[in-house]
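Here is a short note for a colleague who has not looked at this structure before. Please read it with the model open alongside.

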Amino acid sequence: MKCVSLDLDGTLLNSSHEISAENKKTIRMLQDKGIEVILNTGRAYKDVVKVPGIRELNCPIFCVNGAVLYSKTGKLLYEATIDTSSYKEILSTLRELEVGVLVYTNHGGFPSTLPPLHSKSKEELDTLFREFNYDDILNQEDLKIYKLIALVHYEELEKIEIVKQALSSRNEISFASSFPNNVEITSIEAQKGKALRRYEVMHNLLFEEIYAFGDGGNDLSQFEMATESIAMENAPQEIKEKATIVTKSNDEDGVSYAIRHILKLV
């Protein structure tokens, strides 16, 4: 069986965070040919299904970099969490480094998830992170922590490597960047590539060919699992260098172009 694994932001979605009609048409054609299409994203599930047209694609959705897996019908299949003691230690490290922190949980994102923040000003973000009480998160009932995001302003990108270095000795976590100004921190079991293999086992499938599309550092684990890894033209150069193919940008229907004209899957 063939599988096409699609990142969302910067890949399947254009710069207006929409799925083009052309990309929708191509996904349906893949499905009609019996090819499994999976949405494989760093977003939380609620932020995924808010995107117009996502539900009607009828795809499995892997969220939070493979930490949470959902079936085509929205059934929860799997969760990989960060335990409370690790969360406290990681949070303390990030606060000491004076970076913004987002926490993704089964109760939502605190103080927010990432997509709503893209339009916020520097001052609004600084206020949001400064005033939020992160201790309150631990008071949530039956809490499950899926991911932390360390976020910096674009003029402070040097802090990203400092964050990665500060966390490098922790063997219970995995981290990668979906954008140049963030570090996404999850359980070591939560990676996009591992999620693909986990889904195979859960459904007694064998993906003989995997075509993985992405534009960020959190896509590299699925690139490593792929028969062909396809980076978007809008991806950073270091991501393009890790891919076997570079397609057009997310604003030029790059997913559809690669599927039709390079891979010739439809």
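The points below go from the overall form to the sheet, the cores and two of the helices.

1. Overall form. The model is predicted. The protein contains nine helices and 13 strands. Its radius of gyration is 18 Å, close to the 18 Å that the globule rule gives for 266 residues, so the protein is as compact as a globular protein of that length. Taken along the principal axes, the C-alpha atoms fill a box of roughly 50 × 40 × 35 Å.

2. Burial and contacts. Of the 266 residues, 53% are buried. If one takes the contacts between residues at least 6 apart in sequence, 59% of them join residues at least 24 apart.

3. The sheet. Eight strands form an open sheet with mixed pairing, in the order 5-4-3-2-1-11-12-13. Its edges are strand 5 (76–79) and strand 13 (245–246), each of which pairs on one side only.

4. Strand 2 and its neighbours. Strand 2 (residues 36–40) pairs in the parallel sense with strand 1, over four bridges, and also in the parallel sense with strand 3 (residues 61–63), over two bridges. On the strand 1 side, cysteine 3 has glutamate 36 of strand 2 as its bridge partner. On the strand 3 side, leucine 39 is partnered by isoleucine 61, and asparagine 40 by phenylalanine 62. Strand 1, helix 1 (residues 21–32) and strand 2 together make a right-handed β-α-β unit.

5. Why is strand 2 largely enclosed by the rest of the structure? Five of its five residues are buried, and therefore strand 2 counts as largely enclosed. The cut-off behind this is a relative accessible area under 20%. In a regular strand, side chains alternate between the two faces of the sheet. In strand 2, Glu36, Ile38 and Asn40 point one way, while Val37 and Leu39 point the other way, and all are buried.

6. The cores. The largest nonpolar core has 67 residues, and those with the most contacts inside it are Val4, Leu6, Ile54, Tyr87, Leu94, Leu148 and Phe213. Strand 8 (residues 145–151) gives the most to this core, with six residues. A second core, separate from that one, has 16 residues, including Ile38, Ala195, Ile239 and Ala243.

7. Leucine 148. Which residues does leucine 148 touch, not counting residues up to four places away in sequence? They are Ile82, Tyr87, Ile90, Leu91, Leu94, Val101, Leu102, Val103, Val183, Glu184 and Ile185. Tyr87 and Leu94 are, like Leu148 itself, among the residues with the most contacts inside the largest core.

8. Helix 6. In helix 6 (residues 192–202), the buried residues include Lys192, Gly193, Ala195, Leu196, Arg198, Tyr199 and Glu200. Ala195 also belongs to the second core. After helix 6 comes asparagine 204, with a positive phi near 55 degrees.

9. Helix 9. Where does helix 9 (residues 254–262) lie? Helix 9 lies across strand 1 (2–6), strand 11 (209–214), strand 12 (228–231) and strand 13, and runs at about 145 degrees to strand 11. Its buried residues are Gly254, Val255, Ser256, Ala258 and Ile259. Among the elements that cover them are strand 1, helix 1, strand 11 and strand 12. Lysine 264 follows helix 9, and its phi is positive, near 55 degrees.

Methods
Residues numbered from 1 in each chain as written. Predicted model: local features only at pLDDT ≥ 70, side-chain atom pairs only at ≥ 80, totals over all residues. Heavy atoms only, no water. Pairing = 2+ DSSP bridges. Contact = heavy atoms within 4.5 Å. Axes fitted to C-alpha atoms, helices over the stretch in contact; angles between N-to-C directions. Core = buried A, V, L, I, M, F, W, Y, C linked by side-chain atoms within 4.5 Å. Buried < 20%, exposed > 50% of the residue type's maximum accessible area, 1.4 Å probe, protein only. Right-handed = clockwise from strand over helix to strand, strands pointing away. Rg over C-alpha atoms; globule rule 2.2 N^0.38 Å.
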